[in-house]
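Student: Hi! Could you walk me through this one?
Tutor: Happy to, let's take it piece by piece.

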Protein chains: 2
Amino acid sequence: MSRPTIEDVARIAGVSIATVSRCLHMPDVVAVKTRERVLNAVRQTGYNLNAAAQSLRQRRSNTVLVVVPDIGNTFFSEILGGIEAEASAAGLTMLIGDTGRIKAREDAYVRYLLNGRADGALLLADPQAAWFDIPTRNAAGLPPIVAISEVGPDSGPVTVSINNAAAAAAAVGHLIAQGHRRIAHVAGPASNVLTEQRLHGYRRALHEAGLTPAPELEFPGDFGLASGRAAFERFQAMTPRPSALFFANDEMAMGFLASAYAAGVRVPRDVSVVGFDDIHFAQSCIPALTTIRQPRAEMGATAMRLLLEIIGGGAAASVQLPYELVIRDSTTRA
Amino acid sequence: MSRPTIEDVARIAGVSIATVSRCLHMPDVVAVKTRERVLNAVRQTGYNLNAAAQSLRQRRSNTVLVVVPDIGNTFFSEILGGIEAEASAAGLTMLIGDTGRIKAREDAYVRYLLNGRADGALLLADPQAAWFDIPTRNAAGLPPIVAISEVGPDSGPVTVSINNAAAAAAAVGHLIAQGHRRIAHVAGPASNVLTEQRLHGYRRALHEAGLTPAPELEFPGDFGLASGRAAFERFQAMTPRPSALFFANDEMAMGFLASAYAAGVRVPRDVSVVGFDDIHFAQSCIPALTTIRQPRAEMGATAMRLLLEIIGGGAAASVQLPYELVIRDSTTRA
DNA sequence: TTGTATGCGTTATCAG
DNA sequence: CTGATAACGCATACAA
């Protein structure tokens with residue numbers, strides 16, 4: 001038994017397929033009596049529209065693809081919430097593709113978009129080269145893309161982000177204002193745009209305070225719990241120790257907190273800690289984490305609006321949204 | 001300028017569209033020279049297959065839909081990893097739909113599947129009524145579904161899960177073995193299948209140890225951080241206090257830990273804590289959380305395999321996988 | 001090894 | 001208000 005088609009419905013209702021289609025899309029244009037007959041036939045057959053046929057005919061899929069580098073990173077979920085809200089308001093279905101930062105998977109989603117399965121894409125990561133071939137404008141009839149959060153200075157597409165360097169500088173500035181002078185930075189993975197921008201902000205804040213950035217105060221990291229723990233080992237082996245650390249993200253800060261606690265090093269009494277992102281668990285860290293909050297839902301919503309604008313044939317320019325320094329219990333006067 | 005079609009490519013290469021199609025799908029059946037001409041034309045035009053047309057013709061989409069109740073819950077990410085691995089090995093693209101536990105959104109994904117945009121679906125939640133209309137078997141040509149993790153006793157579809165009641169009993173059994181007698185349970189949201197099953201296991205373990213479950217030891221919760229904090233308030237107000245708590249998930253346990261720390265109540269010295277799920281951050285809690293680990297990647301992979309089996313026209317039966325009690329630092333002798 | 005022709009299930013145009 | 005009918009872009013059976 002195969003799927004019922006519009007023709008099956010038409011036959012049973014005793015009308016033409018055109019009428020069935022109209023019943024489904026412009027009900028008020030068809031006579032009440034006919035409509036009823038048709039809808040009954042629909043129920044009776046268990047008919048469902050064939051999306052492939054519809055897409056082929058209408059030349060659009062009513063779908064947006066959201067490409068995420070790592071779905072396990074809680075940072076993304078609120079962004080997704082913002083996107084979903086706007087998308088469904090516009091009658092689009094939001095689908096998520098998880099690349100796991102693996103090139104082959106990323107390519108699969110590029111192809112997905114190129115094949116016309118989505119009307120546009122939102123990238124929650126710095127777009128790899130593969131995406132760059134896709135023009136921002138509707139030129140060549142290709143689906144447009146908008147990038148969120150991790151964007152370089154000259155990313156091709158329209159982007160939505162915060163000023164990462166300024167935010168990092170604000171975080172470090174907070175530590176400096178509290179009297180800290182020996183401040184370390186645990187960076188993100190090399191070659192990541194965010195890593196660069198936040199490192200840059202860290203250095204700038206030191207400079208502006210008349211402090212000299214020292215290589216030994218710049219710890220390597222990869223945004224994972226483990227590199228936070230590694231940072232603690234390195235911290236503990238130093239003399240003199242930094243009196244504060246600024247982490248390029250919250251997860252690493254959490255790894256540090258766990259190791260510090262286990263080793264009897266108290267935060268913030270012995271050392272102050274600042275994270276970045278304000279992920280869900282930042283509020284329930286021990287101690288609650290001082291961090292930079294990005295307006296995640298708003299970023300997602302804004303990006304989706306820009307994408308819709310472009311899909312609709314309009315133009316759209318990149319947007320930078322405000323961040324916020326959230327002061328909790330992990331920082332204190334030096 | 002519209003998307004180039006297979007016809008454009010054919011014209012430029014000076015061949016028929018059939019040959020172009022063959023070049024793309026069965027390259028070795030076409031003469032090397034012709035193939036080269038065609039591939040050049042493809043590059044020159046920037047041609048991409050139209051997925052809608054292909055789907056329509058082939059009657060399948062090469063896509064699996066994974067429906068998640070809450071993408072922000074880190075519990076799901078590893079499951080997704082397991083699914084993705086199997087899916088891409090089978091040449092399918094995995095797409096994620098996030099319902100946010102909202103009915104309208106869930107319906108949207110049901111429709112998505114019914115419309116033939118995916119060849120099958122994996123549900124990471126107890127299927128709502130809407131899904132039940134979809135037969136497990138390929139009857140009526142409807143895409144099959146497999147449910148993971150949150151499944152009731154008589155869920156219609158094929159399922160993959162652990163024995164939640166037994167796992168909960170094991171967790172509580174561990175506390176009992178350590179000499180705890182007054183053990184509280186913080187439950188999940190009402191009407192959730194997991195809530196029921198874990199509560200049931202908790203009670204059973206008490207019974208088996210000759211202890212009597214008491215209503216005042218069964219705290220309400222909703223799987224969120226806040227209800228963990230609320231549980232602490234309730235805990236602190238009790239006399240006598242429980243000497244241990246078993247939480248229906250890790251996130252609530254983490255909320256409790258944060259509140260306890262802030263109030264100077266030490267874990268596990270003053271009270272033992274056990275969670276459920278072994279989410280990513282459980283290892284970096286303070287103290288590291290004793291919990292139940294579900295074989296998440298394996299669950300995802302297994303479910304995907306079952307789904308492929310069913311899509312392929314085969315039969316498949318539900319599977320129950322082993323769990324593991326992970327003992328860390330949040331529990332100790334009473 | 002290549003070309004021709006048919007149909008996949010819809011929507012939209014145009015008559016009636 | 002309703003019905004015929006022509007695309008939409010591709011894969012494949014059949015011919016050559």
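**Chat about the model**

Tutor: Let's start with the DNA: the residues of the surface near DNA strand D divide into 14 nonpolar, nine polar and three charged. In that split, Ala, Val, Leu, Ile, Met, Phe, Trp, Tyr, Cys and Pro count as nonpolar, Asp, Glu, Lys and Arg as charged, and the others, Gly among them, as polar.

Student: Before we go on, what kind of model is this, and how is it numbered?
Tutor: It is a predicted model, where local features need pLDDT of at least 70 and side-chain atom pairs count only at pLDDT 80 or more, while totals for chains, interfaces and linings use all residues. Residues are numbered from 1 along each chain as its sequence is written, and chains are lettered from A and ligands numbered from 1 in the order in which they are written.

Student: Thanks! Which residues come nearest to DNA strand D?
Tutor: Ala18(A), Thr34(A), Ile6(B), Asn50(B) and Ala53(B) come nearest, out of 26 residues around the strand. A residue is near a strand if its C-beta atom, placed from the backbone, lies within 6 Å of it.

Student: And which helices supply that surface?
Tutor: Helix H2 (17-25) and helix H4 (51-58) of chain A, and H2 (17-25) and H4 (51-58) of chain B, each supply at least two residues near DNA strand D. The largest share, six residues, comes from H2(B). Helices (H or I, at least four residues) and strands (E, at least two) are DSSP runs, numbered from the N terminus.

Student: What surrounds DNA strand C?
Tutor: There are 26 residues around DNA strand C, and the closest are Ile6(A), Asn50(A), Ala53(A), Ala31(B) and Thr34(B). H2 and H4 of chain A and H2 and H4 of chain B each supply at least two residues of that surface. By class, the surface near DNA strand C has 14 nonpolar, nine polar and three charged residues.

Student: Switching topic: how many residues of chain B are in contact with chain A?
Tutor: 43 residues of chain B are in contact with 43 residues of chain A; contact means C-beta atoms, placed from the backbone, within 7 Å. On the side of chain B that touches chain A, H4, helix H5 (75-89), strand E2 (93-98), helix H6 (103-114) and helix H11 (250-262) each supply at least two residues. That side divides into 21 nonpolar, 17 polar and five charged residues.

Student: What turn lays chain B on chain A?
Tutor: A turn of 180 degrees with a shift of 0.0 Å along the axis does it, with an RMSD of 0.1 Å. That is the relation of a two-fold axis. The copies are superposed by least squares on the C-alpha atoms of residues with pLDDT of at least 70 in both.

Student: Now helix packing. At what angle do H8(B) and H9(B) pack?
Tutor: Helix H8 (residues 164-177) and helix H9 (residues 193-208) of chain B pack at about 40 degrees, with their axes 7 Å apart. Axes are lines fitted to C-alpha atoms, for helices over the stretch in contact, and angles run from 0 to 180 degrees between N-to-C directions. H8(B) and H9(B) are therefore oblique to each other: under 35 degrees counts as roughly parallel, over 145 as roughly antiparallel, 65 to 115 as roughly perpendicular and the rest as oblique.

Student: And how do H2(A) and H3(A) cross?
Tutor: The axes of H2(A) and helix H3 (residues 32-45) of chain A come within 10 Å and cross at roughly 90 degrees, which makes H2(A) roughly perpendicular to H3(A).

Terms used. Two residues are in contact if their C-beta atoms, placed from the backbone, lie within 7 Å.
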